[in-house]
Amino acid sequence: MVRKMRVGNKNPDKEKTEKRTEDKAGRKKFAVTLAVLAAIVVAISGGVAFAKYYAAKYRPGVSVASGLYFNSNKLLKNPGQTKDITKIDTDNMMVNVNSDKWSSGNLYFDVEIHNYDNNLLYNDENLNVSYEICFTLLETPAGADYYVQDVDGTEHTLAKGKSVKLTQGYLPGGTRNQDTYRIRINLRDAAAYNGARVLAVAYPTSPDYLYDAEHQQNRLAGIFQGVYSETEMRVEDAYFLVEDDTDYNELTWNDKVADLSGLIFNIKTIGSIVTDGNNAAKQEAIVRWRSDYICISQYDTCYIEAQEKQASKLPSEEDYIWTAADTEGKQWTYMRIEVLPYTNVNITFYKTEKFFTDFAADIIDQAMFEGMAEAYTQGS
């Protein structure tokens, strides 16, 4: 029996399995291809983004700010009219007062006008701002005089109802710039003192689009007031140390003074110990002496300090050393010193030629000698 051979016989199940395997491989290849393409696209786009960031980060001359900066250390933005500052509503304005105790002499407030917010934010080099700044008193003061200094030191008197408009200010752009104005309150009579409030107003006038007299969006305003404090220190005693000798009296004083080459003047202070941080705060006292009869030692510490302060003081500040005659024509030299409460200060004086002449002629008696030097605090 002859078997017939099947030619081309195929297994259908095997064919299906092979086909599925081929389809999976194809899909896998396609997925890998897509992944590679996606990675290339991401890399390209990421590189572009990084390149842009790098270029922006390291591009030379990048401008740090734009827009208008018109600010102050003391004045706050307060939009409104600028035609007449004496008619500005001040009811809700913040009042700047002195942080230090003030019981005599001058009190100062510095008012700065800035063209910046900080070290990085300031007006563009093309934005040069001109401005006006005005001051006025809101009340009539008593016991004190009020002044304002321009940037060049020129001083103007302030009065109620009178607006003082200072020289046109100018702040060039491109860098941080500022102008400083100073309010000065001089206390003449502590007992009569009734302080007035000082209103300060500043606003841009150029470029033209910044100015609007009816409603100035960039107007700055603030109020300043001096708060008086009672004297915290006073001189308890001041005398020549020779007066403390047990044998110093009306019979012996002449001989004892004649034997001295130098006269030591002692000042004792008392009062509340006002502290500033961890340190007791020094306060001011005034020493005066008959400069026709005695002269201060050139090496005295208080005298050296007063000379240094006198040499560096502003023209508007009070003198630290000065000479004046009293109502009786007696010649006195005055010196301001800083001293702590509950301390002793010794100042050395020497006799002048006039002292020796009048002493020998018995023109100087005990009371006159003891009154040749004095010390006190203002208001005491």
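# A guided tour of salt bridges and sheets

Select Lys-354 to begin: at 36% relative accessibility, this residue counts as partly exposed. The structure on the screen is a predicted model, and every stop below describes that model.

**Stop 1: helix H4**

Keep Lys-354 selected and add Asp-358. The two side chains meet in a salt bridge, with a distance of 3.3 Å from N to O. Which element holds both residues? Display helix H4, residues 353-360: Asp-358 and Lys-354 both belong to this helix and are four residues apart, about one turn of the helix. Is Asp-358 buried or exposed? Asp-358 has 9% relative accessibility, so it counts as buried, because buried means under 20% relative accessible area. Another group of charged residues can be selected next: Asp-245, Asp-247 and Lys-256 are joined into one network by salt bridges that share partners. How many salt bridges are counted by this rule? The count comes to 17.

**Stop 2: the sheet around strand S17**

Select strands S19, S20, S17 and S22. In that order, the four strands form an open sheet with antiparallel pairing. Which strands stand at the edges? They are S19, residues 321-325, and S22, residues 373-376; each has a single partner strand, so one side of each is left without a neighbour in the sheet. From one strand to the next, the twist averages 25°.

Now restrict the view to S17, residues 283-290, together with S22. Four bridges pair these two strands in the antiparallel sense. To see one pair of facing residues, select Val-287, which stands opposite Ala-375 in S22.

Next, select Glu-284 and Arg-336. Their side chains meet in a salt bridge of 2.9 Å, N to O. This pair links distant parts of the chain, since Glu-284 is in strand S17 and Arg-336 is in strand S20, 52 residues apart. Glu-284 is partly exposed, with a relative accessible area of 30%, whereas Arg-336 is buried, with a value of 9%.

Before leaving this sheet, add helix H3, residues 301-312. Helix H3 lies across S19 and strand S20 (331-339), and it runs at about 95° to S20.

**Stop 3: strand S4 and its partners**

Select strand S4, residues 105-114. Is this strand mostly covered or uncovered? It is mostly covered, as seven of its 10 residues are buried.

Two pairings of S4 may be followed here. Add strand S1, residues 71-72: two bridges join S1 to S4, and the strands run antiparallel. Asn-71 has His-114 in S4 as its bridge partner. Then add strand S10, residues 178-187. S4 and S10 pair in the antiparallel sense over 10 bridges.

Within that second pairing, select Asp-110, which stands opposite Arg-182 in S10. The side chains of these two residues also meet in a salt bridge, at 2.9 Å from N to O. The pair links distant parts of the chain: Asp-110 in strand S4 and Arg-182 in strand S10 are 72 residues apart. How is each partner covered? Asp-110 counts as partly exposed, at 30% relative accessibility, while Arg-182 counts as buried, at 17%.

**Stop 4: the sheet from S13 to S18**

Select strands S13, S14, S21 and S18. This is an open sheet of four strands in the order S13-S14-S21-S18, and the pairing is antiparallel. S13 and S18 (294-296) are the edge strands, each pairing on one side only. The twist in this sheet averages 35° from one strand to the next.

Keep S14, residues 262-271, and S21, residues 344-351, in view. How many bridges join S14 to S21? Seven bridges join them, and the two strands run antiparallel. Select Gly-262 to find one such position: its bridge partner in S21 is Tyr-350.

**Stop 5: a nonpolar patch on the surface**

For the last stop, switch to a surface view and select Val-95, Val-97 and Val-227. These three residues form a nonpolar patch on the surface, with about 200 Å² of accessible area together. Where is Val-227 found? Val-227 is in the loop between strand S12 (220-225) and strand S13 (233-240). With a relative accessible area of 38%, Val-227 is partly exposed.

Notes
Residues numbered from 1 in each chain as written. Predicted model: local features only at pLDDT ≥ 70, side-chain atom pairs only at ≥ 80, totals over all residues. Heavy atoms only, no water. Pairing = 2+ DSSP bridges. Axes fitted to C-alpha atoms, helices over the stretch in contact; angles between N-to-C directions. Contact = heavy atoms within 4.5 Å. Patch = residues over 30% accessible without salt bridge, like charges linked within 9 Å, V, L, I, M, F, W, Y side chains within 5 Å. Areas by Shrake-Rupley, 256 points an atom, 1.4 Å probe, with all protein chains shown as cover. Salt bridge = Lys/Arg side-chain N within 4 Å of Asp/Glu carboxyl O. Buried < 20%, exposed > 50% of the residue type's maximum accessible area, 1.4 Å probe, protein only.
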